[in-house]
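Biologist: Please take a close look at one part of this model, the interface between the two chains. What holds the two sides in contact, and how are the copies related?

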2 protein chains.
Amino acid sequence: MTDRSVVHSTFTIERTYNVSASSVFSAFADQETKRRWFVEGEGWQIHEYHNDFRTGGREGARFQFRGGPEIVNDTLYQNIVHDRRIVFSYTMTVAGNCISASLSTVELMQENGGTRLVYTEQGAYFDGRDGPKQRKQGWGKLLAALTNELGG
Amino acid sequence: MTDRSVVHSTFTIERTYNVSASSVFSAFADQETKRRWFVEGEGWQIHEYHNDFRTGGREGARFQFRGGPEIVNDTLYQNIVHDRRIVFSYTMTVAGNCISASLSTVELMQENGGTRLVYTEQGAYFDGRDGPKQRKQGWGKLLAALTNELGG
């Protein structure tokens, strides 16, 4: 048998934005907006992106970084509460190998005229191909890109 | 705004079976077998069950317990490694309210002529409607039913 392993780990990232919960929510819901902060970026070649933002809908991306292996993100929206909560599960596949499955929760809370975002990812990392430390760093960068999208 | 909350929690259950990993795996893969231990039972009225067991396939059940509210289980298989690993995400909905989303990993390891099963569930429980303690109890009963299915 091939050696198989699973590492389970949970991390949380908190950010505060000086805009309404509705504006933050829209940055996840609107396909064009989300594409800008979630998949576009220098060195990234995007082959496909779609975002059917509704409970039961799918989001998906297929891309490469500087000519590297093909990376596929396949997402299912599990639960959406307008302006409050987005729950989705997703897998990451690199060069045909599924490296992880995750359950992510985005919680939005109005606070002092702005919005606090709490991102929680419960992940299962497969066969030593990925881990929670890299994943948390990746989401740190994504939420920084969201900050830029929302006006800094 | 309605009060909204999420509790994140992970639990693990281990069981050992005196049969091959292949036999345990088949009890998850085969629709008729899985229906017997996973959804059938005294007092349960099953309205619908399907199990398209493949990576990307869906499993779903719609049922009631002794005339109670309708309960819906909606599952997506995220990663399957034959005879070794089954990863799926699922939501539970009771009377139209989504009470939880979970990421589950079933790992099978051959050990002393039998099979050790490690079940890990990383769950998000919504709005105080469910919690990890009840869920772990529920899976304890399911894995006891699997023991019976496999011959005790």
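Modeller: Between chain A and chain B there are 2 salt bridges, each a side-chain nitrogen of Lys or Arg within 4 Å of a carboxyl oxygen of Asp or Glu. In one of the salt bridges, A:Asp127 meets B:Arg85, at 2.8 Å from N to O. The chains also share 11 residue pairs in polar contact, both residues at pLDDT 80 or more. Such a contact is a pair of N or O atoms within 3.5 Å; within protein, one must be able to donate a hydrogen and the other to accept it, and residues adjacent in sequence count only if both atoms are side-chain atoms.

This is a predicted model, where local features need pLDDT of at least 70, side-chain atom pairs count only at pLDDT 80 or more, and totals for chains, interfaces and linings use all residues. Residues are numbered from 1 along each chain as written, chains are lettered from A and ligands numbered from 1 in the order written, and side-chain values use heavy atoms, without hydrogens and water.

Now the extent. In contact (heavy atoms within 4.5 Å) are 32 residues of chain A and 32 of chain B. The buried area is about 2600 Å², with 57% from carbon and sulfur atoms. It is the accessible area (1.4 Å probe) that two parts lose on being put together, summed over both. In chain A, A:Arg84, A:Arg85 and A:Gln122 lose the most area to chain B, together 22% of what that side buries.

Last, the symmetry. A rotation of 180° with 0.0 Å of shift along its axis superposes chain A on chain B, at RMSD 0.0 Å. The fit is by least squares on C-alpha atoms of residues with pLDDT of at least 70 in both. That is the relation of a two-fold axis. The same surface serves both copies: 100% of chain A's contact residues recur in chain B.
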